[in-house]
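I opened this entry to work through one chain, residue by residue and then strand by strand. My notes follow in the order I looked things up.

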Amino acid sequence: QVQLVESGGGLVQAGGSLRLSCAASGNIFSINGQGWYRQAPGKQRELVALLASSSTNYADSVKGRFTISRDNAKKTLYLQMNSLKPEDTAVYYCNARLLISSGRFVDSWGQGTQVTVSS
């Protein structure tokens, strides 16, 4: 069985920083197609950042403030969030495409971690 476990959320003041982590566990051969999404109350889930093998992509609203990265040895995805704004308040989810057997991938989601930014 494979799963993604998120951590690092919390309450911070505007202008502060947080680092989110997403650790993959289980019998995983490799990980690709990783990204972070968020969902605010009353709104649809939106893409925050994507990490591919040779590129990164960010939503315009977070570009220059957030950085996505990974540690392949630890099978962990990170989202460094700086200069946080109240509008960043949301539940953040990690997503990854996991190779769990030869030629078999699963699209997995974490349980979500709450980020709240106060004025």
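**Entry 1: Arg38**

I started at Arg38, which lies in strand E4, residues 30–39. I note at once that this is a predicted model.

Is Arg38 buried or exposed? I read a relative accessible area of 6% for Arg38. The cut-off for buried is under 20%. Arg38 is therefore buried.

Next I asked which side chains make polar contacts with the side chain of Arg38. I found the side chain of Asp88 at 3.0 Å. I also found the side chain of Tyr92, at 2.9 Å.

I then listed the contacts of Arg38, leaving aside neighbours within four places in sequence. Gln44, Arg45, Glu46 and Val48 are among them. So are Ser61, Val62 and Phe66. The list also includes Glu87, Asp88, Ala90, Val91 and Tyr92.

**Entry 2: Tyr92 and the core**

Tyr92 came up as a polar partner of Arg38, and I followed it. Not counting residues up to four places away in sequence, Tyr92 touches Arg38, Trp36 and Tyr37. Tyr92 also touches Glu6, Leu20, Val48, Phe66, Leu79 and Met81. Gly112, Thr113 and Val115 are on the Tyr92 list too.

How many residues does the largest nonpolar core have? I got 28. Those with the most contacts inside this core are Trp36, Val48, Phe66, Leu79, Met81 and Tyr92. I looked up which elements give two or more residues to the core: strands E3 (18–25), E5 (46–51), E7 (66–71), E8 (76–81), E9 (90–101) and E11 (113–118). The largest share, six residues, comes from E9.

**Entry 3: the disulfide**

I counted one disulfide. It joins Cys22 to Cys94, with S to S at 2.0 Å. Cys22 lies in strand E3 and Cys94 in strand E9, so the pair ties together parts that are 72 residues apart in sequence.

Which hand does the disulfide of Cys22 and Cys94 have? I read a torsion of about 55 degrees about the S-S bond, so the disulfide is right-handed.

I checked burial at both ends. Cys22 has a relative accessible area of 4% and is buried. Cys94 is buried as well, at 0%.

**Entry 4: the four-stranded sheet**

I traced an open sheet of four strands in the order E1-E3-E8-E7, with antiparallel pairing. Which strands stand at the edges? They are E1 (3–7) and E7. Each has a single partner strand, so one side of each is left without a neighbour in the sheet. From one strand to the next, the twist averages 15 degrees.

I looked more carefully at E7 and E8. They run antiparallel and are joined by six bridges. Ile68 stands opposite Leu79 of E8. Arg70 has Leu77 in E8 as its bridge partner. I recall that Leu79 is also among the residues with the most contacts inside the core.

**Entry 5: backbone in the loops**

The hairpin of E7 and E8 has four residues between the strands. Lys75 is found in this loop. I read a positive phi of about 55 degrees for Lys75, although it is not a glycine. Lys75 is partly exposed, with a relative accessible area of 31%.

I noted a positive phi at Ser83 also, about 50 degrees, and this residue is not a glycine either. Where is Ser83? I placed it in the loop between E8 and E9. Its relative accessible area is 41%, and Ser83 is partly exposed.

**Entry 6: Lys43 and Ala90**

My last lookup was Lys43, in the loop between E4 and E5. Is Lys43 buried or exposed? I got a relative accessible area of 53% for Lys43. The cut-off for exposed is over 50%, and Lys43 is therefore exposed.

I then took the C-alpha to C-alpha distance from Lys43 to Ala90. They are 9.6 Å apart in space and 47 residues apart in sequence. Ala90 had already appeared in my list of contacts for Arg38.

Conventions. Residues are numbered from 1 along each chain as its sequence is written. This is a predicted model: local features need pLDDT of at least 70, side-chain atom pairs count only at pLDDT 80 or more; totals for chains, interfaces and linings use all residues. Side-chain values use heavy atoms; hydrogens and water are left out. Buried means under 20% relative accessible area, exposed over 50%, partly exposed in between (1.4 Å probe, protein chains only). A polar contact is a pair of N or O atoms within 3.5 Å; within protein, one must be able to donate a hydrogen and the other to accept it, and residues adjacent in sequence count only if both atoms are side-chain atoms. Contact means heavy atoms within 4.5 Å. A nonpolar core is a set of buried Ala, Val, Leu, Ile, Met, Phe, Trp, Tyr and Cys residues joined through side-chain atoms within 4.5 Å. A disulfide is a pair of cysteine sulfur atoms within 2.5 Å. Two strands pair if DSSP finds at least two bridges between them. Axes are lines fitted to C-alpha atoms, for helices over the stretch in contact, and angles run from 0 to 180 degrees between N-to-C directions.
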